[in-house]
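Open your viewer, switch on a cartoon view and keep the sequence panel at hand. We will go from one selection to the next.

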Amino acid sequence: MANFVRDRAGGESSASALDADEYAMFAQVGRKRRVNAGQWLFRRGDAGDAMYVVSNGGVALDFGDDLVGKQLEPHAFFGELGLLIGDHLRSADAIVTENSELLELGHDEFEILAKRDPHLLAQFLRRAIMRVVLNEQALIARLRHRNRELQGALDSLRSTTSLLDQSEALARTDELTGLTNRRGFGLHLDRCLSEGSLGGHVLILVDCDRFKDVNDSHGHLAGDRVLQCVANLLRAVAGANDIACRLGGDEFCLLLRGHGREEAARITGYIAESARMLVRTHSQLPQMTTLSIGACMIEGRGDEGRWEHWYARADKALYRAKRAGGDCIEWQD
């Protein structure tokens with residue numbers, strides 16, 4: 001890119017300035033025009049029908065849109081597209097930077113040059129075409145560079161967004177079990193409550209029986225394996241619209257959506273029976289404990305639509321299950 005800009009600068013410099021013979025040719029027919037510093041020759045969007053040559057002094061061209069401007073010195077020409085292309089609109093602002101003298105040429109002057117010295121005029125036209133090509137190449141290079149910058153910015157934004165999503169997911173996920181944690185469950189409940197969609201759910205609270213004995217007798221690693229096993233069991237029965245959560249310690253919950261009492265009872269029965277089977281299978285080193293389960297249907301009517309009301313009902317059922325010795329299911333109707 002740096003080499004291109006350097007090569008382009010040299011090429012454009014030669015393409016923008018007339019040689020001695022070309023300047024003499026234009027000086028013979030061009031209308032001399034004295035202009036003062038700060039004077040506008042034309043603005044972007046003006047109709048153009050004449051070109052200019054700087055005899056002495058200087059003119060600045062401003063293309064806007066963060067494009068690189070040009071400072072024109074003696075023998076530089078500009079505005080030729082206004083003469084060569086019909087109905088051309090100026091693409092730059094032209095402002096005089098110091099008291100200057102310009103040559104102005106219109107269609108009549110060009111007709112005279114075409115008859116007087118067509119070979120030299122053709123040389124100039126080749127120079128003008130070269131400048132158009134150089135400008136186009138520079139514009140393409142800038143667009144490609146900006147596209148690369150934009151792509152880099154988009155990649156960085158996607159990467160940052162992905163990291164934020166991962167951080168948010170981690171903040172809502174229990175590290176040990178991979179289930180939703182209490183914070184994530186609270187956010188899920190907030191969405192349900194704001195949508196008025198909590199009614200029709202089934203709330204199931206699950207607690208490990210004699211979990212403290214597992215930790216005391218076999219160590220916390222064994223306790224962690226039990227918690228992971230419970231999580232896998234809840235994950236296995238949770239559907240796409242359900243959410244399984246570790247509330248903390250050995251307390252879990254499962255929020256089922258769109259299940260009737262009969263179907264929910266089948267699911268809770270499967271959870272309890274699966275736990276019993278795993279307890280029998282791994283009798284030497286416990287991988288699972290039996291489970292106490294408390295459940296209730298969520299109706300979501302009136303004041304009873306409050307989450308605390310339904311959690312208290314399911315917790316009351318869970319307490320009855322544990323008081324009965326565990327390894328059972330209680331419903332709070």
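The tour below visits a group of paired strands and then a helix.

A word on the ground rules: this is a predicted model, in which local features need pLDDT of at least 70 and side-chain atom pairs count only at pLDDT 80 or more, while totals for chains, interfaces and linings use all residues. Residues are numbered from 1 along each chain as its sequence is written, and side-chain values use heavy atoms, with hydrogens and water left out.

**Stop 1: strand E9**

Please select residues 201–208, which make up strand E9. Helices (H or I, at least four residues) and strands (E, at least two) are DSSP runs, numbered from the N terminus. Eight of the eight residues in E9 are buried, meaning under 20% relative accessible area; exposed is over 50% and partly exposed lies in between (1.4 Å probe, protein chains only). Now show the side chains: His201, Leu203, Leu205 and Asp207 point one way, and Val202, Ile204, Val206 and Cys208 the other way. In a regular strand, side chains alternate between the two faces of the sheet.

**Stop 2: the neighbours of E9**

Two strands count as paired if DSSP finds at least two bridges between them. Add residues 251–257, strand E11: seven bridges join E9 to E11, and the two run antiparallel. Look for Leu203 with its partner Leu255, and for Val202 with Leu256. Next add E12, residues 291–297, which is also antiparallel to E9 and joined to it by seven bridges. Here the partner of Leu203 is Cys296.

**Stop 3: the E10–E11 hairpin**

Return to E11, where six of the seven residues are buried. Select residues 243–248 as well: this is E10, which runs antiparallel to E11 with five bridges between them. Gly248 has Glu251 as its bridge partner. Two residues separate the strands of this hairpin, and Gly249 in the turn has a positive phi of about 60°.

**Stop 4: helix H10**

Finally, select residues 307–323, helix H10. What are its end C-alpha atoms telling us about its span? They are 24 Å apart, which agrees with the 24 Å expected for 17 residues, taken as 1.5 Å times one less than the number of residues.

Colour Trp307, Trp310, Ala314, Ala317, Leu318 and Ala321, which are buried. They lie on the same side of H10, because they cover an arc of only 105° around the axis, judged by the directions from the helix axis to the C-beta atoms. The cover over the buried residues of H10 includes H6 (182–195), E9, E12 and E13 (328–331), with contact meaning heavy atoms within 4.5 Å. Turn to the face away from the buried side to find the exposed Glu308, Lys316, Tyr319 and Arg323. After H10 comes Gly325, with a positive phi near 105°.
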